[in-house]
Structures are given as C-alpha cells and as structure tokens.
Amino acid sequence: MSFSLVIVLFLIGFVGSFISGMLGIGGAIIKFPMLLYIPALLSLTSFTSHEVAGISAVEILVTSIAGVWAYRKGGYLNKSLIFIMGIAVLAGSLLGSLVSKELSAESINVVYGMFALLAAILMFITRKQIPDVQVHQVQFNKSLAAGLAFIVGIGSGIVGAGDGFILVPIMLVILKIPTRITIASSLAITFISSIGGSIGKITTGQVEWGPVLVLVTASLIAAPIGAKVGKSMNTKLLQMILAVLIGATAIKIWVDILM
C-alpha cells in the first residue's frame, strides 16, 4: 500500500469508528461506502464489494468491542438483550458470510442498499420518546428480538457490515428499548455478530489484511472517544444524527445500483 492510501484508510477508519462509538452502529454504515468510493475517487486503489465486505467484517470486531469497553461502567448494557439477540445474530451472520462468496458484487450492494433503506424508514417513523429507565427494568418480546436478529445477521454476514445500523432502529422502534441502552447493547451484539461474519470471510479468503490493520489502529483510538461523546449527548440529537446518516447512505447506494 502507498503512504497516501494508508493515510486515507486511517481517516476513513477514524471517522467511521468515532461515529460507531457515539451512535452504537458498528461504523459500517459509514465505512462501507467510504471504502468503496473514496480510494477509487482519489485514484489510489479500487476495492471490490467482496474486499470491502471482508475488510469491514474483521475491522468491526475491534470497533465494537472498543465501544463496549467504553460503555461498560455506564450501566447501559442489558445482558438479557445482548444474549438473546447476540446468539441469533451470530448464527445468521455466520450463515450469511459463508454464502456471500457465491454472490456477485452487485448482489452484495443490493443487500446493503435494502438494509440501509429499511433502517432509514424505521428511523424516520414518528414515535413517542422512550423514557430512560434502569437497565434491569427494560422489557421486550424475546421471540421477536431473536427472529429479527437472525434475519439481520444473515444480511450483515453477506455485506460484512456491523448490523448495528439496522439493529439500532429495530431496537428503538419495534422493541422500544431506551436510546442509551440501545446504543450500548447494540455494540455488544454487533461484536458477537462480527465473530461469525469474520470467520466466514476469513475462511473463504475475502479479507485484505493490510487495510484491516490500518482501520483497526484508527478504531482503537476513535471508538472510545466517540462513546465518551455519545454518553453526554442529548438522546434526540443522537437519533437525529443516526437517521440522517442512514438516510443519506441509503440514497447514495440506490442511486448507484439503479444508474
């Protein structure tokens, strides 16, 4: 890799990981299109969708666990929610990552676009503000949570994206989990999911280790900073930022798919 490419990858990793830690979305909603478009736009290199998916899957392992570590003492990690959705999403992501080898680059982009569009719709649905409660007081439909997590896991395994960007709106809108508990717990669930996704991508030879190392370095620095910022921000502002990011990404992906 050239020095210029290393710098660009580091900046992509830093920005994506900061947002990941702040919003609990795994960072892939930002990094996937950035890796796909920015290096090519700057004539540095051109990553395929398979390569981007492989890089993202492994890098998210570090991003998500760094974010969880920053939230560990805040009292926002719901162990029951993490266990139920984590096991289901792990099974789905392992299945999705194994079958992704047989899919075309266009198919991977379509799956990503579908998930981004669904997440955007969920985030822009008008809903009542969910009051903050103690983590042990949170109640949710366990069967629904597991089923949705499994489906999301399949999609995230295919595109190598941390499924936080779709799990967060699902947890907020459908399961009605308070915002801060959603953000912290989704990072832990994303970490579990990325284990299955990483195993599938590595065993099928879809990982470029040089870019992974650069992105991981940026993640270790940026994710804890983002988590610290997120804990002090207004929850409505956090949801607004997430909605705008997901909506913009969904539009960009579908414009490229349809043109």
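A crossing of two helices is called left-handed if the near helix is turned anticlockwise from the far one by less than a right angle, and right-handed if clockwise. The views below show a predicted model, in which local features need pLDDT of at least 70 and side-chain atom pairs count only at pLDDT 80 or more, while totals for chains, interfaces and linings use all residues. Residues are numbered from 1 along each chain as its sequence is written, and side-chain values use heavy atoms, with hydrogens and water left out.

**View 1. The whole chain is built from helices and has no strands.** The chain has 10 helices and 0 strands, these elements being DSSP runs numbered from the N terminus (H or I of at least four residues for helices, E of at least two for strands). Of its 259 residues, 56% are buried, where buried means under 20% relative accessible area, exposed over 50% and partly exposed in between, with a 1.4 Å probe and protein chains only.

**View 2. Helix α4 packs against helix α6.** The axes of α4 and α6 (residues 142–159), which are lines fitted to C-alpha atoms over the stretch in contact, with angles running from 0 to 180 degrees between N-to-C directions, lie 6 Å apart at an angle of about 30°. The two helices are therefore roughly parallel, a term for angles under 35 degrees (over 145 is roughly antiparallel, 65 to 115 roughly perpendicular and the rest oblique). Their crossing is right-handed. Residues in contact (heavy atoms within 4.5 Å) include Ala88, Gly92 and Gly96 of α4 and Ala149, Gly153 and Gly157 of α6. By class, this contact has 13 nonpolar, 8 polar and 1 charged residues, with Ala, Val, Leu, Ile, Met, Phe, Trp, Tyr, Cys and Pro counted as nonpolar, Asp, Glu, Lys and Arg as charged, and the others, Gly among them, as polar.

**View 3. Helix α4 also meets helix α8.** The axes of α4 (residues 79–99) and α8 (residues 179–203) come within 8 Å and cross at roughly 25°, which means that α4 is roughly parallel to α8. This crossing, too, is right-handed. Among the residues that make the contact are Leu90, Ser93 and Ser97 of α4 and Ser193, Gly196 and Gly197 of α8, and the contact has 12 nonpolar, 9 polar and 1 charged residues.

**View 4. Serine 93 of helix α4 is shown with its neighbours.** Serine 93 counts as buried because its relative accessibility is 1%. Leaving aside residues up to four places away in sequence, serine 93 touches Gly153, Ile154, Ser156, Gly157, Ser193, Gly196 and Gly197.
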